[in-house]
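Visitor: Hi, I've got a structure open and I'd like to talk it through with you. Mind if I just fire off questions as they come?
Guide: Go ahead, let's bring it up.

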Amino acid sequence: MNSTASTDELPSSTAPLAGVRVVEVSSFVAAPLCGMTLAALGADVIRVDPIGGAADYRRWPVTDDNESIYWAGLNKGKRSFAADFRNPDAQKLIRDLIIDAGVLVTNAAGRSWLDYDELATIRPDLIHVQVLGRADGTGAVDYTVNAAAGFPQVTGAENVSTPVNHVLPAWDVSCGLYAALSVASAVYRREITGAGTKVVLPLEDVAFATVGNLGYIAEAQLARPVREKVGNSVYGTYGADFATSDGARFMIVALTPRHFRDLTGLTGTADAVAALESALGVNFRDEGTRFEHRHVLNSLFGAWFARHTADEVEKTLAGTSILHERYRTFAELAADPRVTDNPMFHKLDQPRIGSYHAPSTPMSFDGRYPEVRPAPANGDDTAEVLTEHLGLTDDEVDALAASGTIRISPKEHA
C-alpha cells in the first residue's frame, strides 16, 4: 500500500479529462458522485457550496467530532468554493466561475442564476447537466424513487408480504455515473462541433429506464406471471444462500450446466439429483428448471454445507467453477486483502477524518489508477479559485470575505 502519491498513479497531465474544468453545485449522492468521478479522471472540479456547507456536509456516518466521513468519501479530489447563496454579489461570482469553466453539474433547483437559458446567452457552448428528482421538476430521492420502481415488492423473504427496501442507493449511483458520462460525451461533442449541451437527467427516469432495460416493464405489459419475492434466490436461474456448521453463510450461484454439475459433485448429490430429474421428468441443464425446483435442490445441497465449517467450505469451493462468496460485514471487507492489497485503494490521510484506505476509480488506464486526493473542507479553496480564474486581487478577496459574501480558509492566507 501507498501512504503517499505513487509513481504508478495516473499523472494529472495525461489523465483522460485533463484540462476540463467543472463547477459543481450539488448535495447528497448523484451529482457529487458525478463530480468526484470527473475529478478522478483528471478534471478540475470546483464544488460550490453555501458558507458552512450544504445539507450533506454533516451527513452520517460522522466522526466523534461530527466530521462527515460520508462527505469526505464523495468529494475526494475537488476544490471547495464557499459563498453566501442569498447574496447577489456571491451569485454573480458563481455565475462568472461557471461561464469561465464552461461546464456546470448541479442538482440545485429553483435558482434562476443557475438556469441553462440565462447562462447560455453569455456562453453558448456551455455544458449544463441538471439532475432532477422527477422529469416534471418535483422532488424525489433514491428511497422514494425505489418505492415507485417495483423492486421493494420483489425484495425480501418469500413469506413477507410488505415491501422491503435495500440500503444501497442504486439509483443515485447510477444517476451519478450517467451524469459523468453526459459530461464526458458533451465535452467530446463540443471539441468536435463547438456546440454546447443542455442535459436534463431525472433520477426517477434513471430507475425507470433500468427497470425497462432489464425487461421488467415488458414482462408486465406482456401479461407474464406476476413477479414474486424469492428471498436470496436468483430469479430464473439457480442461486441460494447456505449456512455452514459454524454459522457463516455463503451465496452460491450456478448459472451454467458446468456450475451445476460441480455443485452436485461437491455436495455428493449427483445421484440424488439425477433421480429427482427422472421422477419429475425435467432436465436440470436448463437454468429456468433449476429455479422452478430450487426448494428441493436447496434441501439436498444445504445438508452438505451444514456439515462443514466456513473455512472448509471456502477451500473446497475454490477448486470448482461454482460462483460463490461468503457473506461479510463492512468491517470484514475493510480488513480483507482485496481492499488492503488492492492497487485501486490508497492509504489516504484525510484532514479532519483520519487515515484509511480510499478507492480511486474502478477503471485503470494503461495499468494505472488515477490519483486519490483528499476532500477539502468548506471554503478551503475559495481565495485560490477567485484569484486564479476570475483574476481578483488578494485585497478584493479579503474584502469579499470581510463582508460575508464568501468564506476563505485560514490556510489560504497562512
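Visitor: Which element gives the largest share of the lining of the largest pocket?
Guide: That's α1, with five residues. Keep in mind that this is a predicted model.

Visitor: What other elements supply at least two residues each?
Guide: Besides α1 (30-40), you'll find α2 (69-74), α6 (170-193), α14 (330-334), α15 (337-340) and β11 (354-359) on that list.

Visitor: And how much space lies in there?
Guide: About 1600 Å³. The lining has 40 residues, and those closest to the pocket's centre are G73, L74, K76, F345 and P359.

Visitor: How does the lining split by class?
Guide: It has 28 nonpolar residues, seven polar and five charged.

Visitor: OK, on to the second largest pocket. What's its volume?
Guide: About 410 Å³. It is lined by 20 residues, with S27, F28, N107, A140 and V141 closest to its centre.

Visitor: Which elements give two or more residues to that lining?
Guide: Here α1 turns up again, along with β5 (127-132) and α5 (142-148).

Visitor: Nice. And the classes for the second largest pocket?
Guide: Its lining is made up of 11 nonpolar, six polar and three charged residues.

Visitor: Let me change topic. In what order do the strands of the β7-β8-β9 sheet come, and is the pairing parallel or antiparallel?
Guide: The order is just as you named it, β7-β8-β9, in an open sheet of three strands with antiparallel pairing. At the edges sit β7 (238-243) and β9 (323-326), each of which pairs on one side only.

Visitor: By how much are neighbouring strands turned against each other?
Guide: On average by 15°, ignoring direction.

Visitor: How many bridges join β7 to β8?
Guide: Six, and the two strands run antiparallel, with β8 covering residues 249-254. For one spot to click on, try Y238, which stands opposite A254 in β8.

Visitor: I see a helix there too. Which one lies across β7 and β8?
Guide: That would be α12 (residues 294-306), running at about 35° to β7. A further helix, α13 (residues 310-317), also packs on the sheet and touches β8 and β9.

Visitor: What angle does α13 make with β8?
Guide: Their directions make about 25° with each other.

Visitor: Great, that gives me plenty to look at. Thanks!
Guide: You're welcome, enjoy exploring!

Note on methods: Residues numbered from 1 in each chain as written. Predicted model: local features only at pLDDT ≥ 70, side-chain atom pairs only at ≥ 80, totals over all residues. Heavy atoms only, no water. Pairing = 2+ DSSP bridges. Helix = DSSP H or I, 4+ residues; strand = E, 2+ residues; numbered from the N terminus. Axes fitted to C-alpha atoms, helices over the stretch in contact; angles between N-to-C directions. Contact = heavy atoms within 4.5 Å. 1 Å grid on protein atoms, 1.4 Å probe; cavity = no way out; pocket = protein on both sides within 12 Å on 5 of 7 lines; lining within 4 Å. Points joined across faces, edges and corners; volume = space filled by probe spheres on them. Nonpolar A, V, L, I, M, F, W, Y, C, P; charged D, E, K, R; others polar.
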